Amino acid sequence: MSGKVLVIVESPTKARTIKRFLPSNYIIEASIGHIRDLPQSASDIPKKYKAEKWAKLGIDVEHDFKPLYILPRGKSKIIREIKSKMKEADLLLLATDEDREGESISWHLVDQLKPKIPYKRMVFHEITKKAIHQALESGREIDEHLVNAQETRRILDRLYGYTLSPLLWKKIAFGLSAGRVQSPGLRLIVERERERLLFSSSTYWDAKAKLCRCDDSSDYHFEAKLESIDGIRIAGSKDFDSTTGKYSEKNQVLRLSEKQTEDLLQEIRTSDWIVGDIQERKNRTKPAQPFTTSTLQQEGNRKLRLSTRETMRIAQRLYESGLITYMRTDSPSLSEEGLTAARNAVEASYGREYLTKIPRKFNASTKGAQEAHEAIRPAGEICRHPDSTGLDGKELSLYTLIWKRTLASQMAEAEKALTTVKVDAGKARFTATGSRIIFPGFLRVYVEGKDDPEAALDNKETFLPAMEPGQKLALDSLDSVRHETKPPNRFTEASLVKELENMGIGRPSTYAAIINTLFERKYVRKQGTALVPTFIGFGVVQLLEKNFPDLIEYSFTSEMENALDEISLGKIDRIKYLKRFYSGAKGLKNKVDIQEKEIKPADSRKIKLPQITLVDGIRIGKFGPYILCTDEETGEELHASIPEDLTPAAITDSDVEKLITLQKLGPEPIGYDKPSGLPIYYMIGRYGPYFQLGEKTEANPKPRRASILSGKNHQDLGIDEISKLLSLPRELGTHPETGKPVIVNIGRFGPYVGHNKEFRSLKKEDDVYTVAFDRALALLAAPKRGKNGSAVIKDFGKSSSGDPLALYSGRYGVYLKHGKSNIALPDKYKKDEEEALKLTAEDVNKLI
């Protein structure tokens, strides 16, 4: 193309990467995501539509569900800039992502820009020179079916959320939300917690022996476990119900008690230990498929401890930087280019013997046709080794994971020899197992749950000494082993993603946002890596299950996904589908209108738990969960707040009793503060336990309080230590520049210094009780760091586009922040802060 060509992408990072592969007559502009959206609040609704009944929905349900699209704040300026560039161009290329979302962005751009020049879609699944040049030669029309499927999804989500959420506000608490995928996902977490609450732990016993060959001078010992007595198998975990924990009487097995086990060990301790049967078999293990969106999220969470949201954000940056293929995909297959690149990398790094004889190919197991058609892999014709990418930190870790998984998919199977040895001692039979790696194959590069393949090889092998049937062994030790059945594991982000995908609920590309919403709404909290539902989460699921069971049914949500796939293929009329879902006697609107009159807020705000018998359920209030009961002596109602750290699974009758007693009798002094002589009280509030100095009176409406430090038990603290806590905050002096006080205190997130609404955390070496004024001033003078540890080192004010522009020093070096976008700097500046500080506003404006 000899004239000017305008190329529109979604992000500045993607624009900079693509620009490297295009001629100088190509102008690259970024739309910064969607340019139009449905109104998010009443203030977004244009004045001429405010009086319409459907205005708050943002969907004209009376006229074929026509969406009301608006330009979000800041988008008008972007549109003006793109229109200005379009006047110079002879051709418009819409290079947004290749999925439904990208197709929708392109459609909105055309509808808003109304170009008078020719335009077409430019589609690619990786940002490499070859892929970009191929895309230039194979432009196509906007796929209306994909656009319709995306718009229908958006409308369904809006109808579901904006119709049910206001009901939750009225019947439970303001600010809650329901979602087409979010609510079934929450139901999975709550149902698992209910199973755990009903689980009854059972105990069973077995034994283990440490043995060695009588003639073994190396003193090599191996372990054998009790298998049977007089030919009857010993009960193990599989003989107990995994859901209830109860023992299954149907199985013909022997469940040992502690006494029976000890009696047996006493009997066989002096017996001859003789090798019985020996069996050896070979086992071959295949590698996992290359990454899809779902499996990348799962492994990112398991192996790198990244949240699903972090994984997708990092993957997005890697894709836009041209390092990996498109990260939203349901397909595990590799293109011919990907296969060749992976196999060449395997041969170069590990040798030809580690390759499969023929390329290993994978097919998608999901029905959806929504996403890209290739797995997530290193982009291009060469699988770049992680060391040559220039990456560091989390980006390097995730890229390395993708590189390893891609190579492993084309490597030979791992081959192991498994040995099972039966050892007889009197009437008891023990079993010892060993494994030996014959050929490591793909284990050389990628092992599930391990970061160091070489260390993993050792962990995979359990050696047994050479033995023969009839051989006598020496007993070194013999011990009984107690086992207790455990309730079903709580979901982690990884296992929730896996379950949602297996059940066909939603799309993997949306899971990160959905899980994040569960945290934002405080429906779940993290305990380690486990997702633990809160009282609010229980309440929302309880209301939806009782009043709208079909809308939260897993099959309903899955069937909806299938319908959206059919719409994307043009097989289903989307307007008819939306009418069936929302309108008419059986539609969502009518169901909600009917049930709204039936639902009693008091019932919706009461959570019944099997382990709580002292009160009639836990209540949900404006300020969190609480206990409601009647004082038997006075007949008055008592309200006792439940601390946030007590979840539905953690609270017990004992906790309830303590909270009621504290509320009923009021606090009793636990001691007296020596300097003031005032009583010290131990209190429990919404955010947990705390100490209070003196009583709350008209003369002293705000008595001094101190939170108990995380990990501390109030009963372990002496009165002097509590008095020190209550001496905070300490005023260290007045700031020389403002004349306002500088204080030191302990907050929810640890000790800090504060001045004029500015706060800095104390360092490990600082003592909150002794830190000096000068040290506090130095801490306050240091740049304020964000949640990720970054700090502004040079502020350029506003960029040429009007967005904030500044240099930041982060965990992985110096970077440029433009508006909400982070922009990587060349290594010269990234790794040298002094060099970066020399950059001028003119220099950095050229980089954005």
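In this predicted model, the buried residues of helix α9 pack against five other helices, namely α1 (12-19), α8 (293-304), α11 (393-408), α13 (493-502) and α14 (508-520). Those buried residues are T308, T311, M312, I314, A315, Q316, L318, Y319 and E320. Helix α9 itself covers residues 308-320, and its 13 residues reach 18 Å from the first C-alpha to the last, close to the 18 Å expected at 1.5 Å a residue. After α9 comes G322, whose phi is positive, near 80 degrees.

Helix α1 also packs on a sheet, as described below. This open sheet of four strands has the order β2-β1-β5-β6, with parallel pairing. Strands β2 (26-30) and β6 (119-121) stand at its edges, and because each has a single partner strand, one side of each is left without a neighbour in the sheet. Neighbouring strands of this sheet are turned by 20 degrees against each other on average, direction ignored. On the sheet, α1 touches β1 and β2, and the direction of α1 makes about 165 degrees with that of β2.

The table lists three strand pairs, each with one pair of residues that face each other.

| Strands | Sense | Bridges | Residue pair |
|---|---|---|---|
| β1 (residues 5-9) and β5 (residues 91-94) | parallel | four bridges | V7 and L93 |
| β8 (residues 222-229) and β12 (residues 428-439) | antiparallel | four bridges | S228 and R429 |
| β11 (residues 414-425) and β12 | antiparallel | 11 bridges | A425 and A428 |

Strands β11 and β12 form a hairpin with two residues between them, and in the turn G426 has a positive phi of about 60 degrees.

Technical notes: Residues are numbered from 1 along each chain as its sequence is written. This is a predicted model: local features need pLDDT of at least 70, side-chain atom pairs count only at pLDDT 80 or more; totals for chains, interfaces and linings use all residues. Side-chain values use heavy atoms; hydrogens and water are left out. The expected span of a helix is 1.5 Å times one less than its number of residues. Buried means under 20% relative accessible area, exposed over 50%, partly exposed in between (1.4 Å probe, protein chains only). Contact means heavy atoms within 4.5 Å. Two strands pair if DSSP finds at least two bridges between them. Axes are lines fitted to C-alpha atoms, for helices over the stretch in contact, and angles run from 0 to 180 degrees between N-to-C directions.
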